Amino acid sequence: MVWVGNQTLISHFILLGLFNHSPLHLFFFSVTMVMFLVALSGNGLMILLITIDSRLHSPMYFFLSWLSLMDLMLISTIVPRMATDFLLGHGSISFTGCGLQILFFLTLLGDECFLLAFMAYDRYVAISNPLRYSVIMSSRVCWLMVAGSWLFGLVDGLIQAIFTLRFPYCGSQEINHFFCEVPAILKLACADTSLYETMIYVCCVLMLLLPFAVISASYLRILVAVLHMRSAEGRQKAFATCSSHMAVVSLFYGAAMITYMRPQAYHSSKQDKVVSAFYTMITPMLNPLIYSLRNKEVAGALKKLLGRCPCVGGRARLTLATEDVGSGSGNLN
């Protein structure tokens, strides 16, 4: 600690974590680790399949590969540290470590906010303007969209990490959270943070509300196009796909808005930790399942990959691939 005048400024924080060591919380911790492994394997498999299978080299899968990479990095920024703190029984983290976690987390969160909006726009163009799709969604445009997502996310992460750690922190070192999240840290500041909270709100309008509005408008236009489909089966599959996509998107954006767009006075530590788990652990696990692994083209790529594996017998490979394809709910492509 550092003494400044009559105040003691703290030099590190202590993360209290998400779980205690009761039997129920040990069970929840085990579930969390299973979710982490599912997210790693699902997103890693998606990146592998899209990379090695030329049939998946299209704009939609290009964006999905980046989404999987972002989800891998996002969950790896949070869960390993949380698990280590829980198993070792302490959660001490330096100012620098906390600042880096804020930077990486908010950069990835911002990246994903914009990327999901670009993905929805891509699907809208594919449905509403298929003849000009390859021209509108050219390789150059796709790379610019991904680069823009990373740039906006990085700027947001840098701004919030720098400004958050510029405040003096005195008194308690304990952050009642499982990672360094800005609203939880600001509770320990011994200075007026109201102006900074207003800035965070403005940033969230740009980073959360605008992308979510683009996604909602894109899917609304897609649903209008779907209603004009002649095939009842096609409409049913398209509705199922759109509804599952919007459910995951709403979960991600809704949880982030609850955390970052509410005034500090309305924040509850227990509620904040649960809400944060949705966009740090649950959506990274669900994204590959909802967007890709139930897709017939992805199932075909998985079948092709298993066909190359000498450790899997021919009949087993055929059975697994057939089950994967049979479980597909269809896609907009």
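Begin by selecting helix H3, residues 95-128, which lies across strands S3 and S4 and runs at about 85 degrees to S4. Axes here are lines fitted to C-alpha atoms, for helices over the stretch in contact, and angles run from 0 to 180 degrees between N-to-C directions. Helices (H or I, at least four residues) and strands (E, at least two) are DSSP runs, numbered from the N terminus.

The model is predicted, with local features needing pLDDT of at least 70 and side-chain atom pairs counted only at pLDDT 80 or more, while totals for chains, interfaces and linings use all residues. Residues are numbered from 1 along each chain as its sequence is written, and side-chain values use heavy atoms, with hydrogens and water left out.

**The whole chain**

With everything displayed, the secondary structure comes to eleven helices and five strands. Of the 333 residues, 46% count as buried, where buried means under 20% relative accessible area, exposed over 50%, and partly exposed in between (1.4 Å probe, protein chains only). Among contacts between residues at least 6 apart in sequence, 78% join residues at least 24 apart; a contact means heavy atoms within 4.5 Å.

**The open sheet**

Next select S3, S4 and S5, three strands that form an open sheet in the order S4-S3-S5 with mixed pairing. Strand S4 (92-94) and strand S5 (174-175) stand at the edges, each with a single partner strand, so one side of each is left without a neighbour in the sheet. Two strands are taken to pair if DSSP finds at least two bridges between them.

On one side of the sheet order, S3 and S4 run antiparallel and are joined by three bridges, and histidine 12 stands opposite serine 94 in S4. Strand S3 (residues 12-15) also pairs with S5, here in the parallel sense over two bridges; isoleucine 14 stands opposite glutamate 174 in S5, and leucine 15 has isoleucine 175 as its bridge partner.

Now show the side chains of S3. In a regular strand the side chains alternate between the two faces of the sheet. Along S3, Phe13 and Leu15 point to one face and are buried, whereas His12 and Ile14 point to the other and are not.

**Threonine 164, in helix H5**

Move to helix H5 (residues 139-166) and pick out threonine 164, which is buried, with a relative accessible area of 0%. A polar atom of the threonine 164 side chain lies 2.5 Å from the backbone oxygen of glutamine 160. This is a polar contact, that is, a pair of N or O atoms within 3.5 Å; within protein, one must be able to donate a hydrogen and the other to accept it, and residues adjacent in sequence count only if both atoms are side-chain atoms. Leaving aside neighbours within four places in sequence, threonine 164 is in contact with Ile102, Tyr169, Val182, Ile185, Leu186 and Tyr196.

**Threonine 280, in helix H9**

A second threonine to select is threonine 280 in helix H9, which counts as buried at 0% relative accessibility. The backbone oxygen of serine 276 lies 2.7 Å from a polar atom of the threonine 280 side chain. Not counting residues up to four places away in sequence, threonine 280 touches Ile75, Ile78, Phe105, Phe178 and Phe179. Its C-alpha is 8.9 Å from that of phenylalanine 252, a residue 28 places away in sequence.

**The largest pocket**

Stay with H9 and turn to the largest pocket, which has a volume of about 360 Å³. Its lining is made up of 13 residues, of which Leu18, Phe19, Phe28, Val274 and Ala277 lie nearest the centre. Helix H1 (23-52) and helix H9 (269-293) are the elements that give two or more residues to this lining, and H9 supplies the largest share, six residues.

The search uses a 1 Å grid over the protein atoms alone, on which a cavity is a set of points where a 1.4 Å probe fits but cannot get out, and a pocket is an open set with protein on both sides within 12 Å along at least five of seven lines; lining residues have an atom within 4 Å of a point. Grid points are joined across faces, edges and corners, and a volume is the space filled by probe spheres set on the points.

**The loop between H1 and H2**

Finish in the loop between H1 and helix H2 (59-88), where aspartate 53 is found. Aspartate 53 is buried, with a relative accessible area of 3%, and its side chain reaches the backbone nitrogen of arginine 55 at 2.9 Å. Beyond residues up to four places away in sequence, aspartate 53 touches Ala301 and Lys304. Serine 58 is in the loop between H1 and H2 as well, but counts as partly exposed at 21% relative accessibility.
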